[in-house]
Every structure is written in C-alpha cells, then in structure tokens.
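Here is a friendly walk through one protein fold, meant to be read with the structure open beside you.

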Amino acid sequence: MGAVIHRAAVNPEQLIISIHYYFRISQVILQHKRSPSHIGEYTMAKLAAFDMDGTLLMPDHRLGEQTLTALKRLRERNITLTFATGRHVLEMHHVIGQFSLDAFLITGNGTRIHSLEGEELYRQDLAPEAAEAVLHSKWDTQASMHVFNDGGWFTGQARPELLQAHVFSGFHYQLCDPKRMSAQHVTKICFCGDHDDLRRLRIQLNETLGDRAFLCFSAMDCLEVLPVGCNKGAALAVLSQHLGFTLQECMAFGDAMNDREMLGSVGRGFIMGNAMPQLKAELPHLPVIGDCRHQAVSHFLTHWLDNPDLPYSPE
C-alpha cells in the first residue's frame, strides 16, 4: 500500500509573500545575467533637455566637438534630445540644421515648442495688455529693451556687443522703435544691462504688471518679461506628455534662473558649475557638475553612458 501524502494547509497571505519574494529574486538574477551594455537601461532617461548658453555652449557661444559627440551618442541610445533655450526658434532651426541633430525645440524660454520636423506644437504670447504696458511705459533704467515675436528680434538701439552671443548662427536684431510696435503676438520682452539696474527695474515692472506677466533673469545681465505660467519646466511638461513620457523619465541641465522650474521638475536635474548663485541656492539638493568652458555636459554624459552604475565626479 502506497504512502499517504498529506497536503499541508496553505496560508494565502504567506503564498502571496512567497510569490512576491520569488519575483524580486528573479529580477535580480535576470539583471546580473544581462550583458554590461544592458545593465544601465534601468536608469536610462528617455529624454534629455539642455539649456544652451552657459550649459551646452562654451563661453565663446560655440558647440564643442566633445559635446556634439556626446549628443549623438544619446540619439544612438534612442534618448530624445530637447534644446530648451531663451533663443529664437529661427536661430535654433539653423543650429540643429548645421550640426544635423534631431532635437525637439523649446524656445523663447518656453513660449514655443517645435517638433523634430519643425511643426509648432505649442505657443503662448504675452497678454496684449501686458505687452502694451511694457512697450509704452517710461522706465527708470539704462537697460536696452528687446522685443521678440515670430518675425524675429527687434530693438530701438544698436547693441553690437550683444551679437557676439549669436556669432555661430548669424542671428541679428532689427532696428525699430519698440513704442511703435504692435502689442499683439509679442513672444517676450527682454531688458539687457547692469544687474543692479535690472533688479531695480524688476521692482518697477512688478508694480506695473502684477500677475499679468512672469519675470525672470535668464542671465545676470538679462531680465525677461514672459507670459504668465510660461517657463521651460512648464513647456517640458507639455512636450513630455505629448511624447508619452513622465517628467521623472527626463533629465535636464541648466545654469540660470530661467532653468529653475525645468531642473526642479525632472527626475534628474543637473546644475552647471558656472551657474548663477541664485540657482544653486534655490535648488541645493541638485548635483553640480563642471564648467561649460570645459564642456562639462559632455564629460558627465560620457561617464553616464559608459559607467551608469558608478558615481560621477565632476571633471
């Protein structure tokens, strides 16, 4: 007579725990069995967003060869590139065409988003009454005023020194009297000058505009008047949703206060070593990498792509 096998009673809760434990162990084993080229996929971002001036570009406003190589390596890994900049879309189309880069564009500090094919995905302009107030009021400042719309860059006084920042593209301002410009379809208005003068101007603008516009420093010598709720972070949220990504699946790099919302909202934000002190103070929890003069973004990306599981040490 065969032995009688007694079936032990099964505790459902313990069974669930055992299955969960087995699943987790299987994941670990599978990860270790993978080849080295696959190990980093668990931490790979799906989208990388880059500020231009002070971040990707060197102090001479050019894109270095090491940076260009690192960007192309990202595309080879199917990581979506996005350039998030205060520059005009007309200028940025020239840049990505010159370097043959497939990249989405967030331009005008979040006022426009364009697809890889150049299709406009999103736009936001200054409220006409806000643009009217800025254009036609008298401001106690020595700073020069610069107006942007879809037609380009307009200013009332020649500032040839500002063209150095656009040497690689040839983008140029058009001279006209801002007070005679239409307040319709104005993308943004910038004031360029001494930082302390701009800080005093910001107080005047805040008193006049209230909540009708958003003010931020895109550089120490540049104060921008933008549409309400318009910034690189908000634009990246729109773009990531359009692409089916979450912000946690994005990484971003920047150096100025106009990068604050973008860096603070993504899964991995990185601050440049040459960043504005205000940005470092606002986001003290974010890692600081090297200086743009040393192409620090390319230095970090090369390490991240080659050694995703090892800690990074700036330059």
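The sections below cover the sheet, the helices packed on it, and the nonpolar cores.

## The sheet

Please keep in mind that this is a predicted model. Its open sheet is built from seven strands with mixed pairing, in the order 5-4-3-2-1-12-13. At the edges sit strand 5 (120-123) and strand 13 (268-271), each of which pairs on one side only. From one strand to the next, the twist averages 15°.

For a closer look, try strand 3 (residues 104-107) and strand 4 (residues 112-114): they run antiparallel and are joined by three bridges. Leucine 105 has histidine 114 in strand 4 as its bridge partner.

## Helices on the sheet

Helix 5 (residues 89-98) packs on the sheet and touches strand 2 (80-84), strand 3 and strand 4. The direction of helix 5 makes about 150° with that of strand 3. Helix 11 also packs on the sheet, touching strand 1 (47-50), strand 12 (250-254) and strand 13.

Helix 11 (residues 296-306) packs with helix 4 (residues 65-76) too, at an angle of about 35° and with the axes 9 Å apart. Their crossing is left-handed. Among the residues that meet are Ala70 and Arg73 in helix 4, and Leu301 and Trp304 in helix 11. The contact residues divide into five nonpolar, four polar and two charged.

## Nonpolar cores

The largest nonpolar core has 48 residues, and Val134 is one of those with the most contacts inside it. Helix 6 (residues 128-136) gives the most to this core, with five residues. Valine 134 touches residues including Trp139, Met145, Phe191 and Leu209.

A second, separate core has 36 residues, including Phe99, Phe270, Ala296 and Leu301.

Definitions and conventions: Residues numbered from 1 in each chain as written. Predicted model: local features only at pLDDT ≥ 70, side-chain atom pairs only at ≥ 80, totals over all residues. Heavy atoms only, no water. Axes fitted to C-alpha atoms, helices over the stretch in contact; angles between N-to-C directions. Helix = DSSP H or I, 4+ residues; strand = E, 2+ residues; numbered from the N terminus. Left-handed = near helix turned anticlockwise from the far one by under 90°. Contact = heavy atoms within 4.5 Å. Nonpolar A, V, L, I, M, F, W, Y, C, P; charged D, E, K, R; others polar. Core = buried A, V, L, I, M, F, W, Y, C linked by side-chain atoms within 4.5 Å. Buried < 20%, exposed > 50% of the residue type's maximum accessible area, 1.4 Å probe, protein only. Pairing = 2+ DSSP bridges. Lists of a residue's contacts leave out its neighbours within four places in sequence.
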